[in-house]
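The following paragraphs guide a new reader through one structure, moving from a charged pair to the loops, a helix and a buried side chain. Please keep the sequence and the model in view while reading.

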Amino acid sequence: MKDTIEVEAAVELLSRFVEIDTTNPPGNEKRLAVCIGAYMTAMGFDVCYQDVGQDRTNIVAKVGHSPRKLIFAGHLDTVPVGDNWIGSPFEVVRQDNKLVGRGTADMKAAIACMICAAVSVKEFVKKCDLELILLFVADEEVNGMGTQRFLSTYEKGAMNMVVLGEPTRNEIQIAHRGVERIRVELYGQQAHSSRMGKERNVIYALSQFLLELEKENRKKQSGISSALVVPSVGATRILAGMKDNVIPGCAECVLDYRTIPGQTSQSVSAEIEGILRRLFGQTKIRWKSHTFLSIAAAIEDREAAIVKCGEAAFRKTVKHDARFSCFPACCDMFFFKQAGLDAIICGPGRIEQAHATGEYVEEDQLGTAIKLYRQIVLECACL
């Protein structure tokens with residue numbers, strides 16, 4: 001009965017959260033932060049807010065006081081809705097076992113479950129040697145400004161453990177891929193469209209580059225990695241042409257390169273430059289490439305306390321051993337690790353649903369997540 005009540009409470013919170021549009025850009029996370037803050041204050045938590053920008057706010061809620069700190073971390077922002085969504089994306093719709101709405105999987109369901117778990121163990125935490133912090137930040141989907149803002153003033157304790165609620169189907173993941181965003185521009189000869197076949201069309205040159213890149217990506221997918229996952233690369237945006245009857249002089253694309261531990265921004269840039277040089281080094285096509293976002297991959301030590309606590313909690317909650325894996329996307333774990341905190345990734349939802357049209361989280365995963373988060377608190381308190 002208790003589990004059913006907690007799941008219903010999580011669904012109610014999730015519905016409130018989804019109704020507040022936090023599409024990034026622009027974000028506008030402040031309204032959601034205040035909504036969560038009011039609820040956490042009513043539940044007896046100490047609450048503060050951190051400004052990240054215009055209408056952009058982190059919410060930090062705490063219970064207990066100890067140099068042994070456990071942080072439940074999540075992000076308030078979502079990606080844009082996109083096309084072909086049926087119904088309102090900002091209203092949770094129950095469809096069989098699915099809770100449909102923008103941000104349900106990524107990652108407002110995890111936030112709701114973290115809150116429910118924290119409320120249920122609040123009195124226990126007050127009596128033990130543990131400080132529980134709920135951190136829900138702005139701007140994870142673009143630059144990670146919210147987490148960096150929190151870490152700029154965070155006072156580390158003797159132990160600093162983080163659980164990030166990204167969608168992992170409630171599995172314990174101890175690594176994530178990094179991301180390199182690269183803009184590639186190709187330059188040719190602008191000309192009248194009647195000159196087709198006489199002048200090299202830079203759109204075709206860009207197509208040649210992208211097809212070559214896809215070959216490289218397929219090679220990566222067949223590779224073997226010691227970092228739990230392989231890298232990937234592909235185009236997410238293209239731009240070319242100025243007028244219907246003009247052969248363009250420039251065509252560009254944006255690449256999304258997902259890296260694994262050991263790869264660097266310099267090695268990725270050299271790889272892309274090598275492909276461009278191989279294709280166009282002996283032609284009249286000129287090029288520029290520029291990395292405008294770089295977040296490295298991260299991996300946690302399997303002997304870290306938070307990994308051991310997560311493993312024990314998973315075994316007691318899910319009733320079988322954790323199978324450690326890697327979160328295939330990028331997340332704020334990088335910033336926590338860079339600051340010297342230990343972290344794992346664990347949350348309801350599937351990565352396949354993140355950013356997707358018709359995004360959903362499976363309702364039965366909420367109950368598991370609440371129990372898992374609660375047990376992680378218990379395990380950390382017993383260290």
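**A guided reading of the model**

Glu29 is buried, with a relative accessible area of 0%. The model in which this value was computed is a predicted one. What does the side chain of Glu29 meet in a salt bridge? Its partner is Arg56, and the N to O distance is 2.7 Å. The two residues belong to distant parts of the chain, 27 residues apart: Glu29 is in the loop between H1 and H2, whereas Arg56 is in strand E2. Arg56 has a relative accessible area of 10% and therefore counts as buried, since the cut-off is under 20%.

The loop that holds Glu29 also contains two cis peptide bonds. One of them joins Asn24 and Pro25, with omega at about 0°. The other runs from Pro25 to Pro26, and its omega is near 5°. Pro25 is placed in the loop between helix H1, residues 2–19, and H2, and Pro26 lies in that loop as well.

After this loop the chain enters helix H2. The helix comprises 13 residues, from 30 to 42, and spans 18 Å from its first C-alpha to its last, close to the 18 Å expected at 1.5 Å a residue. Which residues of H2 are buried? They are Leu32, Ala33, Ile36, Gly37 and Met40. These residues cover an arc of only 135° around the axis, so they are on the same side of H2. On the other side of the helix, Arg31 and Ala42 are exposed. H2 is followed by Gly44, which has a positive phi near 95°.

Positive phi values also occur in two residues other than glycine. Asp55, with phi of about 60°, is one of them. This residue sits in the loop between strand E1, residues 46–53, and strand E2, residues 56–63. Its relative accessible area is 35%, so Asp55 is partly exposed. Lys319 likewise has a positive phi, near 75°, without being a glycine. Lys319 is found in the loop between helix H7, residues 305–318, and strand E16, residues 325–327. Its relative accessibility of 65% is above the cut-off of 50%, and Lys319 therefore counts as exposed.

The pair of Glu29 and Arg56 can now be set beside other charged pairs. How many salt bridges does a search of the whole structure find? The search finds 29. Among them is the pair of Glu363 and Arg94, whose closest N and O atoms are 2.8 Å apart. This pair also links distant parts of the chain, 269 residues apart: Glu363 is in the loop between strand E18, residues 360–362, and helix H9, residues 364–381, while Arg94 is in strand E4, residues 93–95. Glu363 is buried, at a relative accessible area of 15%, whereas Arg94 is partly exposed, at 43%.

A further salt bridge brings together the side chains of Arg278 and Glu212, with an N to O distance of 2.9 Å. Here the link is between two helices: Arg278 is in H6, residues 265–280, and Glu212 is in H5, residues 202–221, with their positions 66 residues apart in the chain counted as their separation. Glu212 has a relative accessible area of 17% and is buried. Both residues take part in a network of salt bridges that links Glu212, Lys215, Glu216, Lys219 and Arg278.

Glu180 presents another case. It lies in strand E9, residues 178–187. Glu180 is buried yet has no salt bridge, and the nearest side chain of opposite charge, that of Arg181, is 9.7 Å away. Because a salt bridge requires the nitrogen and oxygen atoms to be within 4 Å, Arg181 does not qualify as a partner at 9.7 Å. Which side chains, then, does Glu180 join in polar contacts? One is that of Ser265, at 2.9 Å, and another is that of Ser294, at 2.6 Å. When residues up to four places away in sequence are not counted, the residues that Glu180 touches include Leu255, Asp256, Tyr257, Thr259 and Val268, as well as Thr291, Leu293 and Ile295. The two serines, Ser265 and Ser294, belong to this list of contacts too.

Terms used:
Residues are numbered from 1 along each chain as its sequence is written. This is a predicted model: local features need pLDDT of at least 70, side-chain atom pairs count only at pLDDT 80 or more; totals for chains, interfaces and linings use all residues. Side-chain values use heavy atoms; hydrogens and water are left out. Helices (H or I, at least four residues) and strands (E, at least two) are DSSP runs, numbered from the N terminus. Buried means under 20% relative accessible area, exposed over 50%, partly exposed in between (1.4 Å probe, protein chains only). Lys and Arg count as positive and Asp and Glu as negative; His and the chain ends are not counted. A polar contact is a pair of N or O atoms within 3.5 Å; within protein, one must be able to donate a hydrogen and the other to accept it, and residues adjacent in sequence count only if both atoms are side-chain atoms. Contact means heavy atoms within 4.5 Å. The expected span of a helix is 1.5 Å times one less than its number of residues. The arc is that of the directions from the helix axis to the C-beta atoms.
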